[in-house]
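Hi,

Here's the structure I promised to pass on. Have a look, and my notes on the ligand site are underneath.

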Amino acid sequence: MTIQRRTVIAAIAAAGLPLPLFAQGKLVLGFSQVGAESEWRTANTESIKASAKDAGIELKFSDAQQKQENQIKAIRSFIAQKVDVIAFSPVVESGWGTVLREAKAANIPVILSDRAVNEKDDSLWVSFMGSDFVEEGRKAGRWLVEKSKGTTGDVNIVELQGTVGSAPAIDRKKGFEEIIKADPRFKIIRSQTGDFTRAKGKEVMEAFLKAEGKKINVLYAHNDDMAIGAIQAIEEAGMKPAKDITIISIDGVKGAFEAMIAGKLNVSVECSPLLGPQLMQAAKDLKAGKALPKRIVTQEGIFPMEVAAKEFPSRKY
Ligand code: GYE
């Protein structure tokens with residue numbers, strides 16, 4: 001068997017053809033992506049694909065179209081293909097125990113990229129890399145508290161939540177509430193999911209405006225895309241975004257910078273999607289038998305509209 005294999009490789013090499021993966025000894029990484037719901041996600045996918053190429057890693061990429069069942073299927077197929085490492089960005093937090101145990105039984109290490117799972121047994125993944133979403137929510141809350149200093153009266157907030165049950169939706173809500181609850185004049189009067197998309201963000205904001213109208217002082221959107229959708233709804237309702245309604249969102253994608261430069265978005269909290277390079281490094285380290293840190297937190301800032309024009313040229317996503 002071994003001799004045959006060697007003979008085959010030699011023949012392929014002699015013919016000047018590209019060697020099959022097993023012969024190149026290439027590391028194979030299976031990645032299950034959430035979908036393509038936002039600008040952030042597109043930038044994240046590009047980062048992963050480009051850095052796999054740069055690192056000489058064979059990437060098996062699967063788009064789950066925001067469905068957990070598709071992610072579970074993809075992970076099972078990675079296990080069947082005996083990839084070296086599995087990474088995925090879990091669309092929601094719960095329901096991963098069974099498939100993660102299957103990966104563990106097959107001895108394939110799993111890296112959580114971007115989003116966390118809520119499984120008690122943390123031996124089911126080797127590392128979780130991504131942002132601290134609770135802290136992002138806190139940053140949004142602190143910005144609002146600071147901006148509201150010196151004003152009086154209730155601050156009526158509407159909230160556009162991310163995908164129901166996803167780590168960023170749960171944590172961004174939690175962090176924001178933790179900060180604003182210190183002062184009872186901050187009130188979340190409506191809160192609903194916009195599933196992290198522009199279309200849904202617009203649709204839900206239209207409903208908020210119909211129900212609450214001019215009562216709304218602030219919009220807190222769990223991502224930029226929903227804020228951008230909501231801006232359209234606000235304009236169509238004859239109001240001025242960022243003036244009549246203060247708008248806070250998260251991600252810091254180019255679309256948000258453009259909205260800030262146009263004076264339509266007040267602030268975006270940064271959440272970096274550029275996880276590709278560190279994911280490839282982690283996969284290589286695993287293959288080399290190195291231990292990974294259990295948690296790798298992305299470092300990020302916050303960008304109010306006043307600095308948007310200056311920062312825009314250096315933005316990478
Ligand atoms: O904020 C949102 C995307 O998980 C951090 O998912 C990510 C979030 C991001 O759809 O735009």
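Below is what I found around the ligand.

Quick caveats: this is a predicted model, where local features need pLDDT of at least 70, side-chain atom pairs count only at pLDDT 80 or more, and totals for chains, interfaces and linings use all residues. Residues are numbered from 1 along each chain as its sequence is written, and side-chain values use heavy atoms, with hydrogens and water left out.

The ligand has 13 residues around it (a heavy atom within 4 Å), with Glu37, Arg115, Arg172, Asn223 and Asp251 coming nearest. By class, that shell splits into 5 nonpolar, 2 polar (Gly counted here) and 6 charged (Asp, Glu, Lys, Arg) residues.

For polar contacts (N or O pairs within 3.5 Å), ligand oxygens sit 2.7 Å from a polar side-chain atom of Arg115, 2.8 Å from a side-chain N or O of Arg172 and 3.0 Å from one of Ser38. On its own the ligand exposes 300 Å², and the protein buries 100% of that (Shrake-Rupley, 1.4 Å probe).

Domain 1 (24-130 + 273-298) and domain 2 (133-271), bounds from an automatic or database assignment, each give the shell at least three residues.

Cheers

Definitions and conventions: Polar contact = N/O pair within 3.5 Å; in protein donor to acceptor, adjacent residues only side chain to side chain.
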